[in-house]
Amino acid sequence: MSAPGDASSGPVLRAADLSVSFGGRSVVRGVDLEVRPGECLAIVGESGSGKSVTARSLIGLAGPGAAVTAAELELAGRSVVGSSERDWRGARGRDVGFIAQDALVSLDPLRPIGREIGDSLRLHTRLSPAERRRRVLDALASVGLPDAAVRIGQRSGELSGGQRQRALIASAIALRPPLLLADEPTTALDVTVQAQVLDLLTSLKAGGMGILLISHDLAVVAQLADRIAVLEDGRIVETGPTEQLLAEPKAEGTRRLLAAVPFGRPRGTRLSPDGPPTRVASAASGAARAPTRSAPSPVTLEAVGLVKHFRVAGGRRIPAVDGVSFTLEPGRTLGLVGESGSGKSTVARLALALTSPDAGEVRLNGQAWSTLSERQRRPNRSLLGAVYQDALSSFDPRLTVEGILGDALRPREPRERRREEAVRLLELVELSSAVLGTRPVHLSGGQRQRVAIARALAAEPRILICDEPVSALDVSVQATVLDLLDRLQRELGLAYLFISHDLGVIQHVSDTVAVLHDGRIVETGAAEALFRNPEHPYTRRLLAAAPRLPEPAG
Amino acid sequence: MTPGSPRAEPPAAGRAGRLALRALARIGGGVLVLWAVATLTFFALRLIPGDPAQALLGGPGSQASEEALAAVRAEYGLDQPLLAQYLRQLGRLATGDFGSSYALRTEVAPLLLSQLGGTLLLAVLALAAGWVLALLLASWSTRGGRVGERIGSALEVVGAGLPHFWLATVLILVFSVGLGWLPPISTPGPLGLVLPVVTLAVPLAGFLGQVMRESLLDALEAPFALSARARGESEGGVRRRHALRHAALPGVALSGWAFGYLISGAVVVETIFARPGLGRTLLNAVTERDVPVVVGVVLLVALAYILVTVVTDIAARILDPRVPA
C-alpha cells in the first residue's frame with residue numbers, strides 16, 4: 001500500500017471543469033473543486049442542482065448512463081481521469097471515503113455492521129480476520145460508538161438513527177482515507193444526534209481529513225465548512241470562505257438559500273421570494289371566495305390528559321403519550337416539537353381520533369370527540385384536515401391530481417363542479433391547473449406537498465393537523481411551503497397543530513410551543529418567550545443542538 | 001413508537017428463545033390444522049353417495065349378500081352412530097393407525113411410508129433445482145441490461161405457465177424418444193430422476209425467478225449497495241455479499257407454498273413417468289374409492305406441508321433479522 005499521507009501538503013481533491021450529463025442532458029457543468037487536508041468544503045444547493053451527482057462522479061459512481069468529463073480530477077494526489085473500473089475500485093474506500101445520503105438505509109440490513117465496516121479493510125488490505133476485527137473496533141471507537149464489541153455483531157435495524165450514522169461513518173473512514181465525501185450526512189437525524197454527528201465530522205477534520213460536505217441546509221453547513229460553494233443548475237454560482245459568504249452573499253441563489261433558513265425569523269416574515277404577481281392575485285381571489293362558502297365559525301380542539309400505551313416486543317407496555325393536554329384556537333398555531341420516539345405522531349393520530357386514548361379525552365368545540373363512535377364523528381370529520389410528511393405515499397399512485405382532489409371533494413361537490421373546485425384549490429396552494437392531469441410521482445417534492453395541502457383543504461376544515469409537513473423538503477422548498485401555510489392561515493383563519501422535530505421551523509411558525517419528550521410535554525409557552533428563555537433542561541439541550549446561522553456580523 | 005437509543009440491545013438469546021416459542025406455537029397450530037383436515041375428510045367422504053361397505057366388497061357393481069355387507073359393517077364399525085365412528089377414527093389416527101386399504105388389503109401406514117421417500121426425494125430435488133434455476137435466471141437477466149430483463153421476464157412468465165403434463169410429454173418426446181438420452185419412464189437410479197425433476201422444477205423456477213429478480217434489482221439499486229461500491233466492492237461482490245441474500249428472502253418465504261405445489265405436481269408427474277410415490281398412490285386410491293388410503297395421503301401431505309411452512313417461517317426470520325421473532 002502506498003501511503004496517502006504524504007500528500008498532506010497538496011490538495012486531497014482537485015477537480016477542474018467537471019461535467020456530468022445523462023443522455024445529452026447536462027446536470028453538472030464545468031465545476032472546479034479543491035479540498036486540502038484538514039479542510040471542509042461544502043457544496044450547497046437546492047435539490048436538482050446537481051450536488052449529489054457531483055459527489056458521486058468524484059468516486060466514479062455517477063450511475064449508469066452518466067457521461068463524466070473533467071480537465072483534471074485528482075484524488076489524494078493521483079489523477080483518476082480515464083481510470084479503469086479496477087483502478088476506481090482501488091481508490092474507493094482507500095483514497096476517499098463516502099457517506100451516502102439516506103444514512104438510515106445505507107448499511108445492509110441483513111449483515112452485521114462489523115462485516116460492513118470490515119469490508120473496506122478486506123478489500124484494500126491483506127490483514128488477517130483478527131487484525132481486521134481489531135481495526136473495526138478501533139474505527140467504531142473513533143466515531144464514538146460505545147460497546148463496540150457488542151455493536152459489531154448487530155445489524156443496522158438494531159441501531160438507532162445516530163448509531164447507524166456513526167457506523168456508516170466508521171465504514172467510510174476505516175482505512176483513514178485522506179478525503180471524506182459526506183452527502184447530506186445529517187438529514188433525517190434528530191437535532192441532538194445531528195449536532196453529535198457534526199461534532200464527529202469536526203474532529204475528523206481536525207485530525208487532518210479533508211471533507212467535502214454536500215447539503216441543502218446552510219445552517220448545517222455553517223457549523224462545519226471552511227469554504228462554501230453554492231451550486232445552482234449544475235454551476236457554481238458563488239464560492240468563498242464561510243463567514244464571508246454568509247455575511248455578504250453575492251449571488252441571487254445564495255441569498256435565497258440564506259433567506260430560507262427559518263431559525264430566528266419571526267412569525268409572519270416571508271422565507272421565500274415573492275411569487276409571480278399574477279399567481280398571487282388569482283390565489284387571493286380564490287381565497288376571498290372561500291370564507292363566503294363555509295361561513296366559518298370558530299372551532300377549537302382541546303386535548304385533556306391524553307395517555308396512549310403501546311405494546312413492545314416481550315409484551316411490555318410502554319407509554320407513547322403520557323398525560324398530554326393542549327388547546328388549538330382558531331387562527332393560531334400550536335407547535336409541537338420533539339425528537340423521534342417522543343410521541344409526536346401519536347398525538348396527531350389521537351387528535352384526529354384515528355386511534356383512541358387509553359386515558360384522557362379529545363374534545364371538539366367543547367363537545368365529545370374521541371369518546372364518540374366513528375359514525376357519530378363523521379359529520380364533523382370535515383372540520384379536521386391532515387397533512388403528513390410523506391405526501392407521495394399518502395396519495396393513491398394511480399390517481400392524477402384531478403382524481404386526488406376530486407376524491408376529496410366528493411362529499412361536498414356534485415361531479416360536474418369538482419373540476420372547477422379542484423382548480424380553485426390548486427390556485428389556493430399556488431399551483432397552476434396544468435398539474436391536474438399529472439400523477440404525483442411526476443411532481444416535485446414541494447408540488448406534492450402543495451397538492452396534499454389542497455386535498456386537506458378540500459373539505460373546508462377549520463383545523464389542520466400538520467405532522468412534519470416540511471421535513472422531507474429542501475430548505476428552500478420548505479420555505480415556500482411554510483410561507484404558503486402562513487398565508488392560508490391568515491386568509492382562512494385555520495388553526496394549526498404543527499408537529500416537527502425542527503426547532504427552527506417550530507420557532508418560525510408557532511404562536512404557542514409545546515416541547516414533547518418521552519411522551520410528556522416538558523415545557524409549554526408562548527413561542528417567543530420559550531425560545532428566549534427556555535426553562536426545562538431538555539428544551540435547553542434541544543436549542544443548543546439546533547443548527548443556526550452565525551449572527552450576522554453587522 | 002420506538003424509543004430512540006434504548007432499543008439498541010435485544011439480547012440474541014432472547015430472539016432465539018422467541019423463535020423457539022414461535023416454532024412451538026406454529027406446531028401447535030399445525031396440530032389444529034391436522035385435526036381440521038381429518039374431520040373434513042371424514043365427513044366429506046361420508047357425504048359421497050354410496051355405501052362404504054358396498055365399496056369394500058368390490059364397489060357398486062358387486063352382488064354382495066346382505067349378510068356379507070352386515071359382517072363388513074360390523075368389522076369396520078360402520079353400523080355405529082356417525083359421531084362414534086368419527087371419534088373412533090380420530091383416536092386411531094392419533095396413534096398413527098390409518099386403517100387398512102380397501103383395495104390392497106394392507107395396512108395404510110406402512111404402505112404410505114414406503115411411498116413417501118420417493119415423493120419427498122422428487123419434491124426436494126425439484127425444489128433445489130427450481131431454486132438454482134431461478135437464481136441463475138435472475139442473476140443472468142439482471143446483468144444484461146434492459147434486453148436481459150425483458151428476456152428473463154418472458155422466460156419466467158412462460159415457465160410459470162407451463163402445465164406439468166405438457167412439459168413432461170414434450171421432454172419425453174425430445175430426450176427419450178428423439179435423442180434417446182434419458183429413459184421415458186422413471187427407472188431406478190439418478191438418470192430416471194432427471195426428467196421428472198426437470199418437469200417440476202421449470203414452472204417453479206418461473207414463479208421463484210419473478211420474485212427473486214424483482215428483489216435482486218431492488219437490492220442492487222439500494223443505498224447500501226451504493227455504500228458497498230463506494231468502499232471499493234466490485235459488482236460481483238455487491239451481488240454475492242449483499243444482493244443475493246436479499247433476493248433469496250422472498251424465495252424462502254415462497255418455498256412453503258412451493259412444496260405444496262410440488263406435491264400436487266407429483267400426482268401428475270409420477271403418473272406420467274410411472275414412478276412409485278404418494279402422488280400415484282393418491283390417484284389410484286381416488287379412482288378405486290379407497291377411502292383409508294385417501295385419508296392417509298391427505299393427512300400425510302397436510303403434515304408435511306405444515307412442517308415445511310414452519311421451517312420456512314423460522315428460516316425467513318433467521319435470514320432477515322428485521323422480521324420480528
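This is a short talk on a predicted model with a chain A and a chain B.

First, the ground rules. Residues are numbered from 1 along each chain as its sequence is written, and chains are lettered from A, with ligands numbered from 1, in the order in which they are written. Since the model is predicted, local features need pLDDT of at least 70 and side-chain atom pairs count only at pLDDT 80 or more, while totals for chains, interfaces and linings use all residues.

Let me start with confidence. The term pLDDT means the predictor's confidence in each residue, from 0 to 100. Chain A averages 86, and 93% of its residues score at least 70. For chain B the mean is 81, with 92% of residues reaching 70 or more. For the complex, the predictor gives an ipTM of 0.78 and a pTM of 0.77.

Those averages hide some spread. I will name helices and strands as we go: these are DSSP runs, helices being H or I with at least four residues and strands E with at least two, numbered from the N terminus. Among the elements of chain A, strand β14 (residues 333-337) has the highest mean pLDDT, 95, and helix α11 (residues 277-294) the lowest, 40. In chain B the lowest is helix α2 (residues 52-56), at a mean of 70, and the highest is helix α9 (residues 223-230), at 91.

Where does pLDDT stay under 50 in chain B? Over residues 1-11. The model has 20 contacts for that stretch beyond four places in sequence, a contact being two residues whose C-beta atoms, placed from the backbone, lie within 7 Å. In chain A, residues 276-295 also stay under 50, with 17 contacts beyond four places in sequence. Where pLDDT is low, the predicted coordinates should not be read in detail.

Next, the contact between the chains. How many residues does each chain put in? Chain B gives 27 and chain A gives 37. On the side of chain B that touches chain A, the elements giving two or more residues are α9 and α10 of chain B. The largest share there comes from α9(B), with seven residues. By type, that side of chain B divides into twelve nonpolar, eight polar and seven charged residues. Here Ala, Val, Leu, Ile, Met, Phe, Trp, Tyr, Cys and Pro count as nonpolar, Asp, Glu, Lys and Arg as charged, and the others, Gly among them, as polar.

Staying in chain B, look at helix α5 (residues 108-143) and helix α10 (residues 235-272). They pack at an angle of about 145°, with axes 9 Å apart. Axes are lines fitted to C-alpha atoms, for helices over the stretch in contact, and angles run from 0 to 180 degrees between N-to-C directions. The crossing of α5(B) and α10(B) is right-handed; that means the near helix is turned clockwise from the far one by less than a right angle, and anticlockwise would be left-handed. Among the residues that meet are Leu122(B), Gly130(B) and Trp131(B) from α5(B), and Arg239(B), Gly251(B) and Phe259(B) from α10(B). The residues of this contact divide into 13 nonpolar, five polar and one charged.

Now chain A. The domain assignment gives domain 1 (108-176) and domain 2 (277-545), and such bounds come from an automatic or database assignment. Taken over C-alpha atoms, the centres of these two domains of chain A are 40 Å apart.

Two residues of chain A deserve a look for their backbone. Most residues other than glycine have a negative phi. Asp147(A), however, has a positive phi, near 55°, and is found in the loop between α4 (129-142) and α5 (148-151) of chain A. Ala353(A) also has a positive phi, about 55°, although it is not a glycine. Its loop runs between α12 (344-351) and β15 (359-364) of chain A.

Are these two buried or exposed? A residue is buried if 20 or more other C-beta atoms, placed from the backbone, lie within 10 Å of its own, exposed if 12 or fewer, and partly exposed in between. Asp147(A) is exposed because it has 11 other C-beta atoms within 10 Å. Ala353(A) has 19 such neighbours inside 10 Å, so it counts as partly exposed.

One last residue is Gly82(A), in the loop between β6 (78-79) and α2 (85-91) of chain A. Gly82(A) is exposed, with 8 other C-beta atoms within 10 Å.
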